Structures are given as structure tokens and as C-alpha cells.
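Work through the exercises below with the structure open. Each task is followed by a solution in steps.

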Amino acid sequence: MSEPGNAPLQAQEGEGAPVLSCVGLAKRFGQRSAVDGVGFEVSPGEIYGLLGPNGAGKTTTIKMICGLLDADAGSVRICGRPLAELSVRSLVGYVPQDIALYPDLSARENLAFLGRLYGLRGRLLDERIAEALELTELSDRGKDRVDAYSGGMRRRLNIAAGLLHHPVLLVLDEPTVGVDPQSRHAILERVRSFGASGMAVVYTTHYMEEADRVCDRVGIIDHGRLIAEGTKRELVEALGEKDRIDLVATGDLRALAAASRAVPGVERAAEADGRVHVVAGDGRSVLPALVEAVESSGVTLNSVEVAEADLESVFLHLTGTALRE
Ligand SMILES: Nc1ncnc2c1ncn2[C@@H]1O[C@H](COP(=O)(O)OP(=O)(O)O)[C@@H](O)[C@H]1O
Ligand SMILES: [Mg+2]
């Protein structure tokens with residue numbers, strides 16, 4: 001390499017070769033299998049979503065991809081080269097789920113400290129800091145201490161830290177948890193633009209809407225296994241002709257979900273976020289019986305919505321549970 005952390009290494013296997021290729025990743029913690037045979041590829045400019053509920057194995061998977069956790073089995077290649085080559089690790093930018101910043105330093109000081117760890121110095125370091133602040137819309141707040149930052153600004157600075165060394169692969173672990181809707185929007189827009197600039201991105205989330213909005217391709221992970229993969233359209237089409245019915249209600253939604261599952265024609269039903277999400281082959285034909293289920297379970301129905309199946313429906317179909325219960 002010429003300048004440290006500068007020009008990204010090119011893919012060895014020519015144009016179109018995946019930036020990330022991982023195969024058969026596995027990790028146990030004692031008796032518990034956290035990740036069990038996960039593999040996927042990400043191309044240049046592609047945003048790959050790892051979508052799954054809390055505890056599914058997202059963080060463990062990406063820590064293995066970033067070389068922060070040794071895998072029990074499987075392999076990771078970045079631009080065709082094994083992760084074991086030290087120079088390869090500098091191709092990856094990692095944005096951890098837990099914010100890793102010094103609160104009593106300014107944003108600039110934080111970035112300078114981290115940039116030096118990547119081997120950046122002098123004018124190049126200054127340029128990279130300015131660029132990372134600009135990319136995360138923090139240019140005018142660079143001198144402020146991080147403890148004066150809002151949650152959303154900290155999240156953005158956390159992302160800036162992952163960009164300093166111009167990674168070819170950016171790995172973001174639930175980067176919008178705990179931020180306000182406006183900051184969330186800003187982060188999602190930024191991530192889209194990283195993909196558009198040619199960076200490969202891995203984006204983990206338990207928010208179906210984020211996977212839908214940001215990701216070109218989604219891998220659905222549950223209990224440490226990748227149970228489906230594709231574009232949103234592919235995943236939804238693989239469901240077959242299905243309707244999604246949302247029963248928005250207050251009261252014992254578990255009871256309502258159970259009563260809904262007993263309705264002939266209902267394939268899946270689970271409660272999440274103040275509603276019962278129902279998947280059925282023909283939504284309209286099961287509606288009358290669903291309304292009876294509402295009455296028998298004693299909940300107060302606020303609204304019924306029949307909609308097209310989405311990624312949430314796919315997850316429910318595959319696992320029988322909701323993404324967020
Ligand atoms: N260091 C650890 N020691 C023991 N168990 C762990 C550790 N890290 C993760 N786990 C367990 O592994 C599983 C997957 O966790 P994680 O990868 O953090 O999931 P996610 O990021 O999808 O929420 C969970 O059951 C979690 O409790
Ligand atoms: Mg996690």
C-alpha cells in the first residue's frame with residue numbers, strides 16, 4: 001500500500017467480484033449457538049441488510065466479518081483476500097452498535113485519535129476528518145464536545161469514525177437505535193449515498209421498514225441462521241399470493257393472536273407493536289371470522305388494514321413469530 005489507509009485495494013478477482021464473501025460462519029458461546037452457518041456476499045455499491053430480531057446473531061456475525069471475534073468455523077474474504085491478512089482489515093469500516101466515543105473530547109479530537117490508529121497523519125488526517133464530518137452533516141459542530149451532542153449526532157459521529165480510512169466495506173450495526181425520526185431519516189439517506197458512491201455496505205437492523213428502505217438485498221436471520229435471502233420483491237414473491245391483515249387493537253393481543261390463528265384460512269398471526277399481524281392466502285375471505293375472533297377475545301379493535309405482504313409478513317411466514325414481540 002502507498003499512503004496508509006488511503007487507496008483501497010482493488011478486488012483481486014477482477015470487476016464484479018464481491019467485496020465481502022463469507023461462508024459457513026459459526027460461533028458458540030458455551031452451550032449456546034449464537035451463529036450457525038451464516039454465509040453471504042456483498043458486491044461493490046450494494047447495501048446488504050441483515051434483518052432479524054434481538055438475539056438473532058447479527059452482531060456476532062458482523063464481529064466475525066470485521067475480525068473482532070474469531071469464528072469457530074467458516075471463512076471471510078474481503079475483495080477476494082482472507083481476513084487473516086492484516087492489510088485486509090483496513091478495508092473494513094466498522095460502526096458498532098454501542099457508541100465508541102470519548103464524551104469529554106470534541107468530535108474532531110475523537111476522529112483525530114481514531115484516524116491516527118488507522119495510520120493517518122498530518123494534512124491527510126485533517127482532510128479525512130473534514131470529509132467524514134461533512135458526510136455525516138456535522139461540519140459545523142466539529143469543535144463541540146461529544147457530551148454536548150444529541151443522541152442522533154453521536155450516532156452520526158460514530159458513523160464518521162468508520163469512514164475515516166476510506167473503507168471499501170462499511171459495516172453498520174443497528175445505527176439508528178435510540179435516535180429521533182429526523183436523525184434516523186438523515187442516517188438512512190447517508191447510508192443510501194454510501195452505496196451509491198460504490199461502497200459495499202452491511203446494515204444490520206431489527207426494523208423491517210429500514211431493511212425495506214435502505215437495503216438492495218436482505219438476509220433474514222433468526223436463531224443464528226440465515227433463513228431467507230433476496231431483494232424485498234423476491235422475498236415477498238416467494239411467499240406466494242398472500243395478504244397481510246393488521247388488526248390494530250388494545251387489550252390482550254396475545255389472546256387475539258391465538259384466536260386469529262384458529263381462524264380457517266389464516267396461516268400465521270403474531271402480535272407486535274400494538275397490533276396483530278395476520279398472514280392469509282385471501283385476506284378478504286377471512287375478515288368476517290377475524291372480526292368474530294376480535295369479539296371473542298375481548299379486545300378493543302381500533303382499525304383493520306388489509307395490505308400487501310411485506311418483509312414483516314415474510315418473517316412471520318418463515319418463523320411464526322413477529323420481528324418485534
Ligand atoms: N459474549 C457473549 N457471551 C455469551 N453469549 C453471547 C455473547 N454475545 C452474544 N451472545 C448471545 O448470542 C446470541 C446472539 O447475540 P447477538 O449476535 O448479539 O444478536 P443480535 O445482534 O442479533 O441481537 C444471543 O443469544 C446472545 O445472548
Ligand atoms: Mg446486535
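**Exercise 1. Arg-244 and its partner**

Task: In this predicted model, find the residue with which Arg-244 forms a salt bridge, and place both in the chain.

Solution:
- Step 1. Arg-244 forms a salt bridge with Asp-310. The closest N and O atoms are 2.1 Å apart, and the cut-off for a salt bridge is 4 Å.
- Step 2. Arg-244 lies in strand 11 (residues 243–250). Asp-310 sits in the loop between strand 14 (300–308) and helix 11 (311–319). The two are 66 residues apart, so the pair links distant parts of the chain.
- Step 3. Salt bridges with shared partners extend the picture. They join Arg-244, Asp-246, Asp-273, Arg-275, Asp-310 and Glu-312 into one network.
- Step 4. Are Arg-244 and Asp-310 buried or exposed? Both are buried.

**Exercise 2. Two lysine–aspartate pairs**

Task: Locate the salt bridges of Lys-27 with Asp-72 and of Lys-232 with Asp-212, then classify the accessibility of each residue.

Solution:
- Step 1. Start from the principle: side chains of opposite charge can pair when their charged atoms come close.
- Step 2. The side chains of Lys-27 and Asp-72 meet at 3.6 Å, N to O. Lys-27 belongs to strand 1 (residues 20–29). Asp-72 is in the loop between helix 1 (58–65) and strand 4. The separation is 45 residues, and the pair links distant parts of the chain.
- Step 3. Lys-27 has a relative accessible area of 12%. Buried means under 20%, so Lys-27 is buried. Asp-72, at 47%, counts as partly exposed.
- Step 4. For Lys-232 and Asp-212 the N to O distance is 3.4 Å. Lys-232 is in helix 8 (residues 232–238), and Asp-212 is in helix 7 (residues 208–214). They are 20 residues apart.
- Step 5. Lys-232 has a relative accessible area of 31% and is partly exposed. Asp-212, at 32%, also counts as partly exposed.
- Step 6. How many salt bridges does the structure hold? The total is 22.

**Exercise 3. Helix 5 against helix 6**

Task: Describe how helix 5 and helix 6 cross, and list the residues in contact.

Solution:
- Step 1. Helix 5 covers residues 151–163, and helix 6 covers residues 181–196. Their axes come within 9 Å and cross at roughly 15 degrees.
- Step 2. Angles under 35 degrees count as roughly parallel. Helix 5 and helix 6 are therefore roughly parallel to each other.
- Step 3. The crossing of helix 5 and helix 6 is right-handed.
- Step 4. Helix 5 contributes Gly-152, Arg-155, Arg-156, Ile-159 and Leu-163 to the contact. Helix 6 contributes Ser-183, Ile-187 and Phe-194.
- Step 5. Sort the contact residues of helix 5 with helix 6: four are nonpolar, two polar and two charged.

**Exercise 4. Positive phi outside glycine**

Task: Give the phi values of Cys-79 and Glu-137, then state where each residue lies.

Solution:
- Step 1. Phi of Cys-79 is near 50 degrees, a positive value in a residue other than glycine. Glu-137 is not a glycine either, and its phi is positive at about 55 degrees.
- Step 2. Cys-79 is in the loop between strand 4 (73–78) and strand 5 (81–82). Glu-137 is in the loop between helix 4 (122–135) and helix 5.
- Step 3. Cys-79 is buried, with a relative accessible area of 4%. Glu-137 counts as partly exposed at 43%.

Notes. Residues are numbered from 1 along each chain as its sequence is written. Chains are lettered from A and ligands numbered from 1 in the order in which they are written. This is a predicted model: local features need pLDDT of at least 70, side-chain atom pairs count only at pLDDT 80 or more; totals for chains, interfaces and linings use all residues. Side-chain values use heavy atoms; hydrogens and water are left out. Axes are lines fitted to C-alpha atoms, for helices over the stretch in contact, and angles run from 0 to 180 degrees between N-to-C directions. Helices (H or I, at least four residues) and strands (E, at least two) are DSSP runs, numbered from the N terminus. Angles under 35 degrees count as roughly parallel, over 145 as roughly antiparallel, 65 to 115 as roughly perpendicular and the rest as oblique. A crossing is left-handed if the near helix is turned anticlockwise from the far one by less than a right angle, and right-handed if clockwise. Contact means heavy atoms within 4.5 Å. Ala, Val, Leu, Ile, Met, Phe, Trp, Tyr, Cys and Pro count as nonpolar, Asp, Glu, Lys and Arg as charged, and the others, Gly among them, as polar. Buried means under 20% relative accessible area, exposed over 50%, partly exposed in between (1.4 Å probe, protein chains only).
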